[in-house]
Amino acid sequence: RLLPFSVKELENKMKPDEALEALLKFGSFPEPFLKGSELAKKRWQKQYLERVVREDVTDLSNVRSLPKIQLLIDLLRERVGSQISYASLARDLEVASKTVKEWIALLEQLYIVFRITPYHKNIARSLLKEPKIYFFDPTLAFDSKNHLENLVAVSLLKHLWYLEDTQGNHCQLHYLRTRNGHEVDFLTVVDRAPKEMIEVKTSDQNFHKALFYFQKFLPKTKVIQIVQNLPKTKNQNTVEMKKVSTYLAGLGL
């Protein structure tokens with residue numbers, strides 16, 4: 001499977017900090033990234049989404065409400081990193097919840113978006129919970145504050161798919177959340193075993209309390225907080241804090 005550029009993939013061309021900054025600015029698809037122009041990125045994204053809706057959606061489905069598909073994409077761009085309510089989206093689009101699920105599944109088939117579900121040892125229960133939606137192009141999120149989390153999400157997915165394709169592992173990407181509000185951005189699971197718990201921050205250098213909360217339930221899991229603007233690596237008990245760029249540079253392709 002061929003996914004967009006990652007910090008790791010660019011390590012022979014630029015330093016990790018430079019690669020991260022460029023990916024957040026220009027996106028991770030080759031055409032806009034290599035042009036290195038924000039104007040070119042905006043033009044490419046507009047053409048990309050219009051072409052997907054106009055051509056690919058109609059080729060793969062019987063959807064006739066193409067303007068509503070475009071509206072769904074815009075609604076998802078507003079909700080990157082947040083739990084998605086199918087019922088809420090259905091009300092906004094004036095369609096059935098089942099239709100929203102079908103349209104999102106279609107966008108997944110077209111590699112526009114991907115879903116991650118909350119982790120639970122009972123996989124069926126996990127699949128019934130509200131997912132989060134991320135874009136394969138992280139800069140499609142309307143709020144630039146979500147670009148970093150989205151970039152980490154697609155980088156982790158790329159890493160896990162790399163393990164599947166080269167090592168034969170069964171890999172999953174989840175998030176962690178409890179009803180009383182404890183939440184961690186990502187949890188990687190390899191061959192049904194939780195491997196790494198990851199919280200993403202732009203500049204907050206205080207350790208995220210939920211990491212310690214979930215660590216009690218997942219004691220064998222590596223716990224790490226990655227921060228974009230971090231002067232130096234920190235540790236508290238068994239929780240590590242390091243720069244986002246350094247962490248991403250250490251992932252598999």
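## Helices α1 and α8

Two residues are in contact here when they have heavy atoms within 4.5 Å of each other. With that in hand, let us start where α1 and α8 meet in this predicted model. On the α1 side the touching residues are L20, L23 and L24, and on the α8 side they are H147, L148 and L151. Sorted by class, this contact of α1 with α8 has five nonpolar residues, one polar residue and no charged ones. The two helices pack with their axes 10 Å apart, at an angle of about 115 degrees. Because angles from 65 to 115 degrees count as roughly perpendicular, α1 is described as roughly perpendicular to α8. The crossing of α1 past α8 is right-handed.

Each helix also has a residue worth a look for its surface exposure. Helix α1 covers residues 16-26 and includes E18. The relative accessible area of E18 is 43%, which makes this residue partly exposed. From E18 to G81 the C-alpha distance is 24 Å, with their positions 63 residues apart in sequence. Helix α8, in turn, holds K145, which counts as exposed because its relative accessibility is 65%. K145 and T58 are 87 residues apart along the chain, and their C-alpha atoms are separated by 33 Å.

## F29, after α1

If you follow the chain on from α1, you come to the loop that leads to α2 (30-35), and F29 is found in that loop. Is F29 buried or exposed? Its relative accessibility is 15%, so F29 counts as buried, the cut-off being under 20%.

The partners of F29 beyond its neighbours within four places in sequence are P4, W44, Y48, F136 and D137. Measuring across the model instead, the C-alpha atoms of F29 and L251 are 18 Å apart, while the two residues are 222 apart in sequence.

## Helix α5 and its two partners

Helix α5 takes part in two of the packings described here, so it makes a handy landmark. Take α4 to begin with. The axis of α4 (residues 66-78) and that of α5 (residues 86-93) come within 10 Å, crossing at roughly 135 degrees. That angle makes α4 oblique to α5. As with α1 and α8, the handedness is easy to state: α4 passes α5 in a right-handed crossing. From α4, residues K68, L71, L72, L75 and L76 take part, and they meet L89, D92 and L93 of α5. The contact of α4 with α5 comprises six nonpolar and two charged residues, with no polar ones.

The other partner is α6. Here the axes of α5 and α6 are 8 Å apart and the packing angle is about 100 degrees. The two helices are therefore roughly perpendicular to each other. Helix α5 contributes Y86, A87, L89, A90 and L93 to the contact, and α6 contributes S97, V100, K101, W103 and I104. By class, eight of the residues in the contact of α5 with α6 are nonpolar, one is polar and one is charged. L89 and L93 turn up in both places, meeting α4 and also α6.

## Positive phi on either side of α6

Most residues other than glycine have a negative phi. With that in mind, which phi values do E94 and Y111 have? E94 has a positive phi, near 60 degrees. Y111 also has a positive phi, near 55 degrees.

E94 sits in the loop between α5 and α6 (97-109). Y111 sits in the loop that joins α6 to β1 (113-118). As for exposure, E94 is exposed, with a relative accessible area of 69%, whereas Y111 is partly exposed at 40%.

## Nonpolar cores

In soluble globular proteins, nonpolar side chains tend to be buried together. In this model the largest nonpolar core has 70 residues, and the members that touch the most others are L76, I112 and F186. The helix giving the most to this core is α8 (residues 145-167), with ten residues. Apart from this core lies another, made up of 17 residues that include F212, F214, L230 and V239.

Some of these names connect to the earlier sections. L76 belongs to the largest core and is also one of the α4 residues that meet α5. Helix α8 likewise gives residues to the core and packs against α1.

Key. Residues are numbered from 1 along each chain as its sequence is written. This is a predicted model: local features need pLDDT of at least 70, side-chain atom pairs count only at pLDDT 80 or more; totals for chains, interfaces and linings use all residues. Side-chain values use heavy atoms; hydrogens and water are left out. Axes are lines fitted to C-alpha atoms, for helices over the stretch in contact, and angles run from 0 to 180 degrees between N-to-C directions. Helices (H or I, at least four residues) and strands (E, at least two) are DSSP runs, numbered from the N terminus. Angles under 35 degrees count as roughly parallel, over 145 as roughly antiparallel, 65 to 115 as roughly perpendicular and the rest as oblique. A crossing is left-handed if the near helix is turned anticlockwise from the far one by less than a right angle, and right-handed if clockwise. Ala, Val, Leu, Ile, Met, Phe, Trp, Tyr, Cys and Pro count as nonpolar, Asp, Glu, Lys and Arg as charged, and the others, Gly among them, as polar. Buried means under 20% relative accessible area, exposed over 50%, partly exposed in between (1.4 Å probe, protein chains only). A nonpolar core is a set of buried Ala, Val, Leu, Ile, Met, Phe, Trp, Tyr and Cys residues joined through side-chain atoms within 4.5 Å.
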